[in-house]
Every structure is written in structure tokens, then in C-alpha cells.
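The following paragraphs explain how selected parts of one protein chain meet one another. Please keep the sequence and the structure in view while reading.

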Amino acid sequence: YEMVPVTGVQTCALPICHKEWLTAGSKELLVSSIPHSLWQPPNPAALGSGYAGTVVALLAAYYLATTLGYIVLGDLAVGGLADEGLTAVYVILFLHLTIKRSSLSNVSLKLILLSCAIFSWGLISSLFNELLEGAPIYRLAAVAGLIDLKFYFLVAALLPLVSRDLKRIVRIYCWILVGLALFNLLFCILDIVRGADIRGNPLKNRAGFLVPQGIYDHKYKAAFTAFAGWVAALSLGPQMRSRAFHLALMVAMTLAVMLVLSAKEILALIVISVFHLTMRDLNARRLAMGVLTAVLFTWLLLTENPVSQSIDDRVRTFGELETVRGALYQQAPVVAKDHFPFGSGWGSFGSSASRDIYYSPLYARYGIANMSGGSKDDGAYLTDLFWPKILAEQGFIGTLLYLYLWFSAAMGAWAIMRSGDDSMEARFSLYSAMGLLILSLATPVYNYADGSLLTAFSFVGLILARNSQGARLVKREARKRPPQASATTGLRRDMTADA
């Protein structure tokens, strides 16, 4: 301890120290207790500063490249490998930061070890599957396994990179998604006016309405872009000063979702809207808006209109065994049971590898090969689902391992709802995760290029929210404990007695 007169020292030069002002007679004294380890100033690079700009710049470059690819080439840029390239760059940045810190966060370490365990489990499954004899097992594992574990690596890499600048990164990401959705909405309106897309192909007719695609080559991509923009616009609410502008933006984003007439995105929009208006910070105004919204959506679902017809068509498609999607859902538990405990292995059921690298014999064994869209010559519908693929290929035990990330995200969502956090980043993380879970029941959205990115950023926000809530609980418990006597207290007593 060192006693210093107040004249000459006004503040403590180090960012962290224990200090007490004492009055001894007519002089004010400062008593400081500084651990030896704090004498060295912290290294800004070791704290993650400087990486936020790089993360955002790479994200903007990715969306710019993919958008230009659709406009100029009519397909994904770089052969559809842009998202894998972005993932690789984020992993390199993560390794660079880890080497600088000479340490690794517990969450990232768990995700990396879990990814290795899941990959090994799927590889073992392939080795024990007698139906895959002669198939390129290691190639199947490399393709199918890395696709399913892509956002695991993204979450592990992004956690330390964005943790200190999450709010700024989420705000920029939301505006990127909103801008992209508005841009595609303009092209969708042009499609409807002309009756054809930008490539000159006539628009498909659903329930008497033309379904636009905008700049994309398929309806589901336009629908996902519109939905992501809608969630981003809803998340930006706390950041906007003008309620009128935010309302106009939400109307435009809702129009973008409705124009594409995609049932799953419309259902996700309904669920999130009702949840937002009735389940969080409930008051009279929110309750009235929630009831009105519920009545409006009920009318849409029960009356004869394009939205209800689109939803009814999707329900019938997945509920009938005669369709490939219905068969995948009904046969996946059977495959997992027949190949217990390991599952059928990577690239054997419902994955792109099971159709593109070779045609899996499991489709013939479980009666899918004879269905339209499930044959060897036309397997267009074989890769349309996500969870049946995970259950069949990984088995019951492997699926539980795979769901660890969802369990962590669910704990983060519970922490947000429990704390009543209505910030921009909390909205984005919670609503994105809710919407993606609904979409994953009918599409492999977690494997999409843009879907894996949105999943990673939403899960990162939820995990950080869970950790933040835990830290607040620790501080709250610490405040309840009685203060303990310290050497400084004794010193103060002695100095007061001397004075």
C-alpha cells in the first residue's frame, strides 16, 4: 500500500484497481491496492478489438458477390462455394485470435470437440453400414459431414470474434438483410408486371397468382431472403427513432414475404408476430395488437385465398406417404432403428451426397426409389428436408449429440425471455432462431448458404445472452454476501486512529 496526497495524483492510471479516499486531519489521502499482474497494460488485439470490422467487411463482400452472381450469372457465385470460403476465412481469423490470446474459450472448445465427435460418429456409421460397400465412404464423409457441421464451425469461430462488438455487427448485418430484401422486392414487382423473371422464364402460377422470384433462380431463395429481411426489420425497431419509418419498413417486408406465397415463411412470420405482440412485455396496447393480428391470420388460414391454399398444399405434401418428403419423414426413424446405434452414416439418406456422388441403395430398400422425385434419374426431392437426414444418418445417439448446439441456443432464448431483454441483438437472435427452426421442418435451411450464416449469428447471440445472464446472476449473488474484512480495512482503522 502507498499513501499519496491528493495533490499530484488525481486518478488511478490503471483501468482496474481498488482505491479508497481517506480523510486524515486536513489532508485527503488515496490508498490503492493494485495486483502485480495489472501493472502491464492490456493488449487491445488480445481483447478481440479490430476483428469486428473484418467480420462485417467479409459479410458484406459475401452478399455482394452472391447477389452479383445471381444477376450476372443466374446462379451462385464461385460455383456455390462462397459460403464455405467465408466459413474458412472466419476459422482462420479465429485461429489467429486464439494464437494471439494463447487461450481458447470454453464454449468454442466444446463446439470444436463436439464437431469432431459428431464427424467421427458419422464416419463410424458409414464403416458399419453393409449397404454402402464399394461407396466412396471418405468422400461422402467429407462432403456430407462438412455440410452438416458447417455452422458448428461458424459458431465456434464467430463467438470470440464478435463477442465485444455484437451490437454493432448485428446492426450492420440487419441492414444488409433489409437492403437485400428490398432490392429483391423491386425485382419481384417487376416480375409480376412483366409476367416473367429476369431470365425471361414465365412465372409459375399458384392459386391463381403469379409467384415471383426476383433475382434468384428458385422461389425458396426469394422467400428466405424476404423472411430474413422481415426478421431484421423487426429487430431494428429499438434502434429506430421514427416509428412511422419502422412501420413502413415492416409493411414492405411483410409484402415481400406474402408475394412469394411460401407457406413455411408465412407460418414463421405468423408465429413470431403473435409471440412478439403477446408474450413479451404484455400490456393493453400489445394485447390488442396481438388479438387483432391473431384474428387477421386466422381469417387468412380459414378462408379461400392464395395463402391458405399454399399452406394446405404444403401440409398435404408432407403428410402423405406417397410423396418423397412424407416418405423421408416416415422412414427416417425406421432407418435409425435398423442401423442402431450408429445410424446409416454420412451421405446415405436425404443428403446431397447420397444423390450426387452416388445413388444410395437405402432409397430402394425403403421404397423411395419408385416415387416421383426420388428415383435415380430424378432425385429432385431427396434433399428437401433436414431432420430426417440427421436422424437416419446419425442415428438416435448421434442426433442427440448433434442437438447440443440447439440445447445451448434454447438456454440462451430462455435467458432472454426471463430477463425481458428487448434490445436489437436480443430480438435478432431470438426471432431468427425461432423462424429457422420452423423453416427447418420443411427445408434443409441450416444447410443453405445464407441459412447457415443466419443460424450462426443467431446462435452466437443466444449463447452470449446465456453467458451474460449467468454473469449477472453471479454478480447478484456476490452482492448478497456480507463484505469481508481486508488489509485495506485494517489500514484505514490504523490511519484513522493515528489522525
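**Helix packing and salt bridges**

Helix α6 crosses helix α7 in a left-handed sense. The model in which this crossing appears is a predicted one. Helix α6 comprises residues 166-194 and helix α7 residues 219-235; the two pack with their axes 8 Å apart, at an angle of about 135 degrees. What does this angle say about the orientation of the pair α6 and α7? An angle that is neither under 35 degrees, nor over 145, nor from 65 to 115 counts as oblique, and α6 and α7 are therefore oblique to each other.

The residues that form this contact can be named on both sides. From α6 come C174, L177, V178, L180, A181 and N184, and they meet A222, T225, A226, A228, G229, A232, A233 and S235 of α7. Sorted by class, the contact of α6 with α7 contains ten nonpolar and four polar residues, and no charged residues.

Charged side chains come into view elsewhere. Across the whole structure, a search finds nine salt bridges. One of them pairs K150 with E84, whose closest N and O atoms are 3.6 Å apart. Why does this pair tie together parts that are 66 residues apart in sequence? The reason is that K150 lies in helix α5 (residues 150-162), whereas E84 lies in helix α2 (residues 82-101). The two partners also differ in accessibility class: K150 counts as buried because its relative accessibility is 4%, under the 20% cut-off, while E84, at 32%, counts as partly exposed.

A further salt bridge joins the side chains of R325 and D384, with an N to O distance of 2.6 Å. R325 lies in helix α12 (residues 324-338) and D384 in the loop between α14 (362-365) and α15 (387-402), so this pair ties together parts that are 59 residues apart in sequence. Are R325 and D384 buried or exposed? Both residues are buried.

R355 and D356 form another salt bridge, in which the closest N and O atoms are 2.9 Å apart. Here R355 counts as partly exposed, since its relative accessibility is 29%. D356 is exposed, with a relative accessible area of 51%, and the cut-off for that class is over 50%.

Finally, salt bridges can be linked through shared partners: D83, E84 and K150 are joined in this way into one network.

Note on methods
Residues numbered from 1 in each chain as written. Predicted model: local features only at pLDDT ≥ 70, side-chain atom pairs only at ≥ 80, totals over all residues. Heavy atoms only, no water. Salt bridge = Lys/Arg side-chain N within 4 Å of Asp/Glu carboxyl O. Helix = DSSP H or I, 4+ residues; strand = E, 2+ residues; numbered from the N terminus. Buried < 20%, exposed > 50% of the residue type's maximum accessible area, 1.4 Å probe, protein only. Axes fitted to C-alpha atoms, helices over the stretch in contact; angles between N-to-C directions. Left-handed = near helix turned anticlockwise from the far one by under 90°. Contact = heavy atoms within 4.5 Å. Nonpolar A, V, L, I, M, F, W, Y, C, P; charged D, E, K, R; others polar.
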